[in-house]
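Me: Please give a close account of a single part of this structure, and set that part in its surroundings. I am new to this structure.

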Amino acid sequence: MLGALVIVFREVIEAGLVIGIVLAVTQGARGSRTVVFAGVVAGALGAGLVALFADALSQAVAGRGQELFNAGVLAVAVVMLAWHNIWMARHGRELASELAAAGRAAVSGDKSFFGLALVVALAVLREGSEVALFLYGLLVSGESGADVILGGFSGLVLGAGVSALTYFGLVTIPARHLFAVTTAMITLLAAGLAAQCAAFLQQAWIVTALSQTMWDTSGVLPDTSLVGRVLHTLIGYVDQPTALQVVVYVATLAGIFLATRLAAPRPGAANVHAAAE
Amino acid sequence: MGEDVRTIIERREMTSSRILFAAAALAAGVVAAVAAEETSLEVSIKDHRFTPAELHAPADKPIVIVVKNLDSTPEEFESKALKIEKVVAGSAEITVRVRPLKAGSYKFFGEYHESTAKGVLVVE
């Protein structure tokens with residue numbers, strides 16, 4: 001039961017924090033709840049399929065299918081997050097104004113929210129498929145169904161709780177600053193996912209350069225611990241990153257930062273942004 | 001004229017078969033070269049334990065590990081030090097590639113049964 005709790009908790013946190021951030025970002029926008037919920041459901045259904053075909057996926061593309069699938073899923077998420085930030089830099093000025101509520105209502109139907117819903121779906125897809133495989137394994141190996149359900153459910157509740165704290169923490173931020181904070185969070189989230197994507201490409205030996213380990217902080221803050229896990233999702237913390245991961249992380253941060261600066265309509269808007277920071 | 005055409009076709013066939021042969025030889029050479037440099041290891045999972053629990057490999061050479069899961073339940077072969085995270089379905093196998101390593105001990109484990117599925121790769 002404890003095993004089920006720990007694993008489900010871990011995976012739920014990863015997907016849950018992403019959902020929490022997306023909910024905070026889209027807070028108040030008409031229809032955004034439905035879109036995010038649809039993302040969760042689509043991701044969960046997809047996770048079942050991925051778990052079902054885990055073996056076929058592993059054997060595909062000369063044994064690299066699993067890595068390529070993960071890298072692809074992460075790459076799409078990074079692009080969607082970057083696109084959202086660029087879109088917001090161009091159109092989200094009204095969100096940074098005092099009339100935030102009215103501003104958000106005005107941007108309902110924003111296409112970039114669908115991009116964020118896709119990010120939610122992909123996060124649930126990746127973490128959910130692991131949960132499905134793991135729980136299936138427990139059931140097959142003879143652990144009682146009640147134990148597995150109880151453990152899994154407790155993990156789900158705890159993970160959702162941590163994610164909810166993030167969400168409520170975010171929405172207490174005054175609307176004036178919320179835009180700057182969520183822009184920063186999404187940029188960091190995207191950079192972390194990009195670094196993870198790079199790690200899968202290295203694991204598959206698609207990329208072999210820069211594979212040396214940059215540092216090892218697993219003794220101080222292992223990324224399997226609760227704090228490490230949360231930081232891993234929020235800012236992409238890894239306790240033993242490769243040089244490529246660090247390079248990709250920094251490049252993604254810089255890339256999104258520059259792209260949003262360039263996309264900002266005119267100096268006036270940039271000032272509002274800067275002031276909010 | 002019919003003869004000319006036949007000659008051309010024959011010549012073409014010869015050329016293409018020669019190219020094919022050259023390509024096959026090249027491919028075989030590449031495979032042989034890679035195989036010669038890599039260290040191939042095998043580890044199996046049974047009752048959520050690794051056998052052998054300790055693998056040995058020479059330093060500074062790429063390593064290929066075939067992980068065979070003899071259990072009917074899925075497992076995730078994971079190693080922070082080796083930077084591997086790969087699901088192996090029940091009664092299935094995966095191949096993981098490891099970059100050339102410095103001498104040392106590199107732990108790996110099965111994420112779904114962390115208490116029992118533990119192993120180490122010793123590079124010397």
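Reply: What follows looks closely at one helix, then at its surroundings and at some further details.

The model is predicted: local features are reported only at pLDDT of at least 70 and side-chain atom pairs only at pLDDT 80 or more, while totals for chains, interfaces and linings use all residues. Residues are numbered from 1 along each chain as its sequence is written, and chains are lettered from A and ligands numbered from 1 in the order in which they are written.

Chain A contains 12 helices and zero strands. Here helices (H or I, at least four residues) and strands (E, at least two) are DSSP runs, numbered from the N terminus. Of the 277 residues in chain A, 46% are buried. A residue is buried if 20 or more other C-beta atoms, placed from the backbone, lie within 10 Å of its own, exposed if 12 or fewer do, and partly exposed in between.

The chosen part is helix α11 of chain A, which spans residues 243–263. With 21 residues, α11(A) reaches 30 Å from its first C-alpha to its last, close to the 30 Å expected at 1.5 Å a residue; the expected span is 1.5 Å times one less than the number of residues. Its buried residues are A:Leu244, A:Gln245, A:Val248, A:Tyr249, A:Thr252, A:Ile256 and A:Thr260. These lie on the same side of α11(A), because they cover an arc of only 135° around the axis, the arc being that of the directions from the helix axis to the C-beta atoms. An α-helix has 3.6 residues a turn, so residues three or four places apart point the same way. On the face turned away from the buried side, α11(A) carries the exposed residues A:Ala254, A:Leu258, A:Arg261 and A:Leu262.

The buried residues of α11(A) pack against α4 (65–91) and α9 of chain A; two residues are in contact if their C-beta atoms, placed from the backbone, lie within 7 Å. Helix α9(A) also packs against helix α10 (residues 226–235) of chain A, at an angle of about 105° and with the axes 6 Å apart. Axes are lines fitted to C-alpha atoms, for helices over the stretch in contact, and angles run from 0 to 180 degrees between N-to-C directions. The two helices are therefore roughly perpendicular, a label for angles of 65 to 115 degrees (under 35 is roughly parallel, over 145 roughly antiparallel, the rest oblique). A:Leu188, A:Leu189 and A:Gly192 of α9(A) meet A:His232, A:Leu234 and A:Ile235 of α10(A). Four residues of this contact are nonpolar, two are polar and none is charged. Ala, Val, Leu, Ile, Met, Phe, Trp, Tyr, Cys and Pro count as nonpolar, Asp, Glu, Lys and Arg as charged, and the others, Gly among them, as polar.

Helix α9(A) has a further role in the contact between the chains, which takes 22 residues from chain A and 17 residues from chain B. On the side of chain A, α3 (54–63), α7 (112–140) and α9 (175–203) each supply at least two residues. The largest share, five residues, comes from α7(A). This side of chain A divides into eight nonpolar, 12 polar and two charged residues.

In the partner, chain B, a cis peptide bond joins B:Thr51 and B:Pro52, with omega about -10°. B:Pro52 belongs to the loop between β2 (49–51) and β3 (54–57) of chain B.
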